[in-house]
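This report describes one protein chain, part by part. Look at the sequence and the model before reading on.

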Amino acid sequence: MVAVLLAAVGLAGAVVLGNSYDLREERVSLRAGGRNLDAVLATPEHGKGPFGLVVFVHGDGPVDATHDGFYRPLWEAFARAGYASLSWSKPGVGGSAGDWLDQSMDDRAAETADAVAWARTRPGIDAGRIGLWGASQAGWVLPKVAARTPGIRFVIAVSPAVNWLRQGRYNTLAELRDRDAPPEETAAALARREAGLRVLRAGGTYEQYRAAVPGEGAMTAARWRFASRNWTSDATGDLRALAARRVPVLLVLAGHDLNVDVRETEAVYRRELPPATLRVAHYPEATHALVHPWVDRDGLRTLATALLAPRSLFAPSFLPDQQSYVAEFSPRWSA
């Protein structure tokens with residue numbers, strides 16, 4: 001019994017140690033997008049500031065301010081370069097008002113711009129060193145914000161898509177290929193997808209959609225509203241506008257991305273952005289979330305790693321590379 005208790009205490013200590021970060025986290029409330037949002041402002045544990053700031057823009061889904069703790073290793077990496085991080089719970093998540101499924105990508109961009117404006121009033125934040133970090137669905141938000149908001153210092157786009165419809169088709173086919181689905185299943189999935197798109201293009205109702213796409217796997221009514229607002233999204237025009245601003249962009253791409261066609265994304269970014277402002281970082285062994293492939297396949301190993309060594313979930317060199325990139329915009333900073 002004593003041995004069991006000692007082992008339990010040791011494990012608990014390892015969990016606490018593995019999830020301790022060199023950060024100071026402050027729970028704040030900010031007014032953005034016409035509503036109050038619960039947020040976290042994470043600042044470096046050491047140093048007086050003023051600190052640069054990385055503003056986080058979430059991908060799809062009901063994401064809270066810490067992304068269930070997933071963001072903390074990134075916040076720590078940025079803190080080591082002298083940067084604070086700001087992230088908020090999406091509308092309707094946690095204590096944030098509203099419903100994220102009622103937002104368009106323009107709504108999300110306006111919300112982010114409001115958050116940047118709020119941050120510029122904060123003591124301890126260097127208003128001249130504010131950049132954006134976003135993943136996946138944020139690819140339709142980041143270029144809008146950076147093109148329309150003066151003074152954005154840099155953009156880090158992680159696994160961003162370009163065109164909503166092409167991304168959806170790619171994702172459908174990639175997941176089917178990944179599990180070796182038979183041809184008839186692939187044909188049926190594409191047929192269901194096209195049936196739903198016909199209703200979207202016609203401006204149809206949810207009831208019409210469900211009549212066209214019966215059975216399991218169909219969108220909920222709330223998700224249909226979200227898709228109806230956003231299915232025409234394409235980042236190309238906003239990237240073109242961003243190019244005129246000459247804002248530095250770090251494009252981060254994974255080698256095992258089932259969500260986004262990284263070849264198309266890279267081609268469009270290289271075509272639309274000036275070579276002098278664009279840097280592309282490839283992580284051949286990473287998945288869409290820039291984590292090891294086993295994270296998506298081995299639940300027990302993922303849980304153990306998340307508890308004991310959460311930084312190890314990410315692809316090798318990803319966190320140091322993120323730190324190094326933002327440090328380039330902080331020539332005065334020394335750890």
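Helices (H or I, at least four residues) and strands (E, at least two) are DSSP runs, and they are numbered from the N terminus. With that numbering, S317 lies in the loop between α11 (299-308) and α12 (318-327). The model is a predicted one.

## The sheet

An open sheet of eight strands is present, and the strand order is β1-β2-β4-β3-β5-β6-β7-β8. The pairing in this sheet is mixed. β1 (23-32) and β8 (278-287) are the edge strands; each has a single partner strand, so one side of each has no neighbour in the sheet. On average, neighbouring strands of this sheet are turned by 20° against each other, direction ignored.

Helix α3 (residues 105-119) packs on the sheet. The strands that α3 touches are β1, β2, β3 (51-57), β4 (83-88), β5 (125-135) and β6 (152-158). The direction of α3 makes about 120° with that of β1.

## Strand β2 and its partners

How is β1 joined to β2? The two strands run antiparallel, and ten bridges join β1 to β2 (residues 35-44). Within this pair, E25 stands opposite A42 in β2, and V28 stands opposite A39 in β2. β1 and β2 form a hairpin with two residues between them. G33 is in the turn of this hairpin and has a positive phi of about 65°.

β2 is also joined to β4: four bridges link them, and the strands run antiparallel. Here V40 stands opposite S87 in β4. Seven of the ten residues of β2 are buried, so β2 is largely enclosed by the rest of the structure.

The loop between β2 and β3 contains P50. A cis peptide bond joins G49 and P50, with an omega of about 5°.

## The cavity

How many cavities of 30 Å³ or more does the structure hold? It holds one. The space in the largest cavity is about 30 Å³. Its lining is made up of V57, H58, W88, K90, R108, E111 and T112. By type, the lining residues divide into two nonpolar, two polar and three charged. Helix α3 gives the most to this lining, with three residues.

A general point about helices helps when looking at such a lining. An α-helix has 3.6 residues a turn, so residues three or four places apart point the same way.

## Helix α2

Helix α2 (residues 72-79) is mostly covered, as seven of its eight residues are buried. The buried residues of α2 are P73, L74, W75, E76, A77, F78 and A79.

## Four single residues

The table lists four residues with their places and their relative accessible areas. Under 20% counts as buried and over 50% as exposed, with partly exposed in between.

| Residue | Place | Relative accessible area |
|---|---|---|
| S159 | loop between β6 and α5 (164-178) | 1%, buried |
| T236 | helix α9 (residues 236-245) | 12%, buried |
| S317 | loop between α11 (299-308) and α12 (318-327) | 37%, partly exposed |
| A276 | loop between α10 (262-272) and β8 | 71%, exposed |

Why does T236 count as buried? The relative accessible area of T236 is 12%, and buried means under 20%. Leaving aside neighbours within four places in sequence, T236 is in contact with V162, V268, R271 and E272.

Is A276 buried or exposed? A276 counts as exposed, because its relative accessibility is 71% and the cut-off for exposed is over 50%. In sequence, A276 and R246 are 30 residues apart. In space they are 8.5 Å apart, C-alpha to C-alpha.

The two serines in the table have a backbone feature to note. S159 has a phi near 55°, a positive value in a residue other than glycine. S317 is not a glycine either, and has a positive phi of about 75°. S159 is buried, with a relative accessible area of 1%, whereas S317 is partly exposed at 37%.

Technical notes:
Residues are numbered from 1 along each chain as its sequence is written. This is a predicted model: local features need pLDDT of at least 70, side-chain atom pairs count only at pLDDT 80 or more; totals for chains, interfaces and linings use all residues. Side-chain values use heavy atoms; hydrogens and water are left out. Two strands pair if DSSP finds at least two bridges between them. Axes are lines fitted to C-alpha atoms, for helices over the stretch in contact, and angles run from 0 to 180 degrees between N-to-C directions. Contact means heavy atoms within 4.5 Å. Buried means under 20% relative accessible area, exposed over 50%, partly exposed in between (1.4 Å probe, protein chains only). On a 1 Å grid over the protein atoms alone, a cavity is a set of points where a 1.4 Å probe fits but cannot get out, and a pocket is an open set with protein on both sides within 12 Å along at least five of seven lines; lining residues have an atom within 4 Å of a point. Grid points are joined across faces, edges and corners, and a volume is the space filled by probe spheres set on the points. Ala, Val, Leu, Ile, Met, Phe, Trp, Tyr, Cys and Pro count as nonpolar, Asp, Glu, Lys and Arg as charged, and the others, Gly among them, as polar.
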